[in-house]
Every structure is written in C-alpha cells, then in structure tokens.
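Let's take a walk through a protein model and see how two of its helices pack. After that, we'll look for empty space.

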Amino acid sequence: MTATDERTTARPSLRERRRAAATREILDAAEAQIAEQGPAALSLRAVARSLDMTVQALYHYFPSRDALVTVLVTKAYDDLADAVGAAVEAGADDPDLPGLVVAAEGYRRWGIAHPERFQLLYGTPLRYYQAPVDGPTTQAVRRMSAIFEREMFAGFTHGQLAAADTPALSPSLHAFLDNLPLDGLGTLPPPATSLLLSAWGHMHGHVVLEVFGHTSFLGEHQAEVFRLAMLNLIRNVHDRIPGAPAAAPPVNGSPSDG
C-alpha cells in the first residue's frame, strides 16, 4: 500500500469526527423542527436554541439558511430514493407486480410516513430559497428518476422507445428533450422522455393528494386505489411501445399499507 492509499483509507481525525457528529445533530434538530412546525417555520435561530448553541456557532457548520436547506432537501431526496430502491429490491421476487408499481408504492409509503419532509420537497417553495444550479439537490433527484426510468422501460430497446406512440412533439420540445444531460433523462429518446414525465406527474399527483389529505374519504381503500391507478398507468405506457409483451392481468388482493 502506498502512502497515498494509506492517507485515503485513514480514519477521520478526532476533529473531523466531532464536526460530523455536530453536523448530524444540527440536521436532526432541523428535521425535528420541520416535523413539528412545517418547512416554512425552519429557523437557524430556533435550531441553534434547541441545541444550546449560538447562531454564530451554527454558522461554522452551515453559513446560511440556504446552505442548511440545501442539505436537508438533498438528504430528503436521498432518503426517498433509498426507500424506493429498497421497495424495488424487496419486490424483485414478485413476478406478478410490475417493478414500476413496486417503486411507486415505495414512494407513496415514504411520503405518507414523512409528510413534512415530503412537503419540504414538493410543497410550497420556501420563501427566498434558491437551490444551487445543478447542485446536490439536482443530483439527488436524478438518482431517484433513474430508478423509475429503469423500472418503467426495462427490457425495451432504444429503437422501441424511440417509436413509442405519443402525441406529436413540437420541434422545439423534441430538440430540448434530445439535448438533456446524459446523466439524467438525456439517455432516453424524446418520446420515451415524454411518457416518463407524464407518468411521473400522474403517480406523483396521486401521492400529493393523499399526503395532503385530499383522498381521506377513501379510508382504508387508499392503498388499493393507488395500486389500481399504477397498474393502469404502466399498462397504458407499455401499450404505446411497439413490441411490448402482453399486459399482465391485474394483481389480485389489496396491497399492504405498511
């Protein structure tokens, strides 16, 4: 092992470990404040007070409210992506349930379990906050998007996706989709990108309605209604792609709400 390798694999110093522990404490306190009062109430002063710190001391870890919010948003996206990925992995052995449906149900469960953090991501934008352009929040979103892209289009060739039956795209939209970054949706042909964005909006809209209480009239049937909607969604998407296998029959039984 070279000296460089030794430095690379060396244990973090005591100072680094203390800083990491303090950073985790600050993030935990900020998430607790969001859970209790909602994202709009997030305050560096209140977070510092809850930890018996001064605001000036907190600035050594997060130099501004925007810096703290960026880390919180990135962490929430990463936790959501972890939940979606874990759901897909756990459901891999169920041949009767499409992977996209499994992923969507993992997304739904996380949103229901963490409504305030879900609101931080998808609720009313925090006043004056500007996420860094192509920064860590963007990378975290792309990570989650990649899971849904994989589960929606697994098994299809680029040619099949390019020939998907979608409403005609305007030349400007087609060109825009054709030039998306290759580390995001730019790996898909434009017709597939439009299908994925439409499906994402449909899936996400159902979750938003439930997280914010607009489907509570369905009671214990909310999970089943969501699964039926996702089964219809994936069937409709695959029906638009030439050469797609015959749609699987509907899954019997109600999904777990856990």
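A crossing of two helices is called left-handed if the near helix is turned anticlockwise from the far one by less than a right angle, and right-handed if clockwise. Helices here are DSSP runs (H or I, at least four residues), numbered from the N terminus. This is a predicted model, where local features need pLDDT of at least 70, side-chain atom pairs count only at pLDDT 80 or more, and totals for chains, interfaces and linings use all residues. Residues are numbered from 1 along each chain as its sequence is written, and side-chain values use heavy atoms, with hydrogens and water left out.

Now find helix 5 (65–90) and helix 8 (136–153). Helix 5 passes helix 8 in a left-handed crossing. Among the residues in contact (heavy atoms within 4.5 Å) are Val73, Tyr77 and Leu80 of helix 5 and Ala140, Met144 and Ile147 of helix 8. Sorted by class, this contact has 12 nonpolar, four polar and five charged residues. In that sorting, Ala, Val, Leu, Ile, Met, Phe, Trp, Tyr, Cys and Pro are nonpolar, Asp, Glu, Lys and Arg are charged, and the others, Gly among them, are polar.

Next, the empty space. A cavity is a set of points on a 1 Å grid over the protein atoms alone where a 1.4 Å probe fits but cannot get out, and its lining residues have an atom within 4 Å of a point. Which helix gives the most to the lining of the largest cavity? Helix 11 does, with four residues. Phe148 and Trp200 are among the lining residues of this cavity, and the lining divides into 10 nonpolar, no polar and no charged residues.

Technical notes
Helices (H or I, at least four residues) and strands (E, at least two) are DSSP runs, numbered from the N terminus. On a 1 Å grid over the protein atoms alone, a cavity is a set of points where a 1.4 Å probe fits but cannot get out, and a pocket is an open set with protein on both sides within 12 Å along at least five of seven lines; lining residues have an atom within 4 Å of a point.
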